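Reader: Hello! I am new to this structure and would love a close look at one part of it. Could you take me through the salt bridges and how they connect the chain?

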Amino acid sequence: MPVGYLIPVVLVALGTLFALRPVPFERPLGRPSYYFGLAANELPFAAFFWMLLLPTALAFAQGDIDSAGGWAIVALAAVTTPGLVVIAHRALGDRARITRALDQGLGAGWRAALDADLAEKLRRRPPLARILFLPILKRRPDVRRVADLAYGDAGRRNLLDLYHHRSRPQAAPVMIHLHGGHYDSGHKNSQSLPLLYHLASQGWVCVSANYRLRPQAQHPDHLIDLKKIIAWVREHAHEYGADPSTLFVAGSSAGGHMAALAALTQGDPALQPGFEDADTSVTGAVYLNGWYGPYFNGEPGSSPLDHIGPDAPPFFVAHGDLDPMVPVTDARNFTDRLRQASNAPVVYAELRGGNHAFDLYHSFRFEALIDAIEAFTAQVRSQNKVPRP
């Protein structure tokens, strides 16, 4: 049996199975289901070409399909292919679903109300070459990453990376992103990098930061760190061409939970010990594959649901309907309650077949989300912009 051919086919077959039918994370097969299914779910084209088609062609060319075992592997590859087609079809369809979510959340005619300069910068089509051939490559030659800037006194857990266009345009808006990891793991320079690099290439200043982790830190320590980051940006980001009067906060998973809390508790002095007078207001929030409930100890006030009110800033929420870690019903409940209470727009994009960490790669799904997030921020900025005389 050609073992070298067997391994990639089995890996893709397992990934495809778990992408189509993910196992809840807390069950015995939850972890392997998540890790195998994630890559297949977000990169079905790469999985088909590099892990099925190319190995199959090489196996035939080298004469390895000369036994019942070899033909069994070919059969497994053939059976797996329709599953990848289903996964790819769901991902391609998300662009239209996300567009409808924008229309629903921002209201009819929102595109016509965009500032002309901002509308002109919006991307019109997905980056097909990058999606198909370089989906895991994050960096861009026109963007500079300034690494390991200190914003607090907690060592490497209080470091941030800053991304800006090499031309360093002035008066740039700011996007701060916080990584996920269950509040006990993870690091900057990991999640949502396609979003940060794209925005930086369009003239934004973007920040990705570490924060203190469990068990050494507990709620609200992580949230205090994010507010320190916002305060640091307001004090220092102009050195890199930013105008922090336009500042969006974003996060993935636990980072999304933290970003939502920061957006809903702007200026709360109890969450700003030692920097109570710092401006920690935000222009809007981007909530990706987030957690919506209370912190681990169930402490009152540790859930974004506890702080929803009419003064909430604009929100963009995205969640996969097959998320094995956080049920999609939690995302629906949060956005429903936020829409009922808030005076600001709320966009909710539900991703068909979406897993938890859908923001790791240049996939069709995440690139569609990146375009929608940029459009969402353009609409918010257009509403906030002072009309020209």
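Author: Happy to help; what follows is a walk through some of the salt bridges.

Please keep in mind that this is a predicted model. The structure holds 15 salt bridges, and a few of them make a good tour.

Let us begin with arginine 365 and glutamate 42, whose closest N and O atoms are 2.8 Å apart. Arginine 365 sits in helix 11 (residues 364-384) and glutamate 42 in helix 2 (residues 30-42), so this pair ties together parts that lie 323 residues apart in sequence. Arginine 365 is buried, at 0% relative accessible area. Glutamate 42 has 4% relative accessibility and also counts as buried, because buried means under 20%.

Next come aspartate 94 and arginine 97, a salt bridge with its closest N and O atoms 2.9 Å apart. Both residues belong to helix 4 (residues 68-106), and since they are 3 residues apart, about one helical turn separates them. Here aspartate 94 is buried, with a relative accessible area of 0%, whereas arginine 97, at 22%, counts as partly exposed.

Our last pair is aspartate 225 with arginine 212, where the closest N and O atoms are 3.0 Å apart. Aspartate 225 is in helix 8 (residues 221-236), while arginine 212 is in the loop between strand 4 (205-209) and helix 8, and the two are 13 residues apart. Aspartate 225 is buried at 0% relative accessibility; arginine 212, at 24%, is partly exposed.

Finally, here is how some of these pieces fit together: Glu42, Asp94, Arg97 and Arg365 are joined into one network by salt bridges that share partners.

Key: Residues numbered from 1 in each chain as written. Predicted model: local features only at pLDDT ≥ 70, side-chain atom pairs only at ≥ 80, totals over all residues. Heavy atoms only, no water. Salt bridge = Lys/Arg side-chain N within 4 Å of Asp/Glu carboxyl O. Helix = DSSP H or I, 4+ residues; strand = E, 2+ residues; numbered from the N terminus. Buried < 20%, exposed > 50% of the residue type's maximum accessible area, 1.4 Å probe, protein only.
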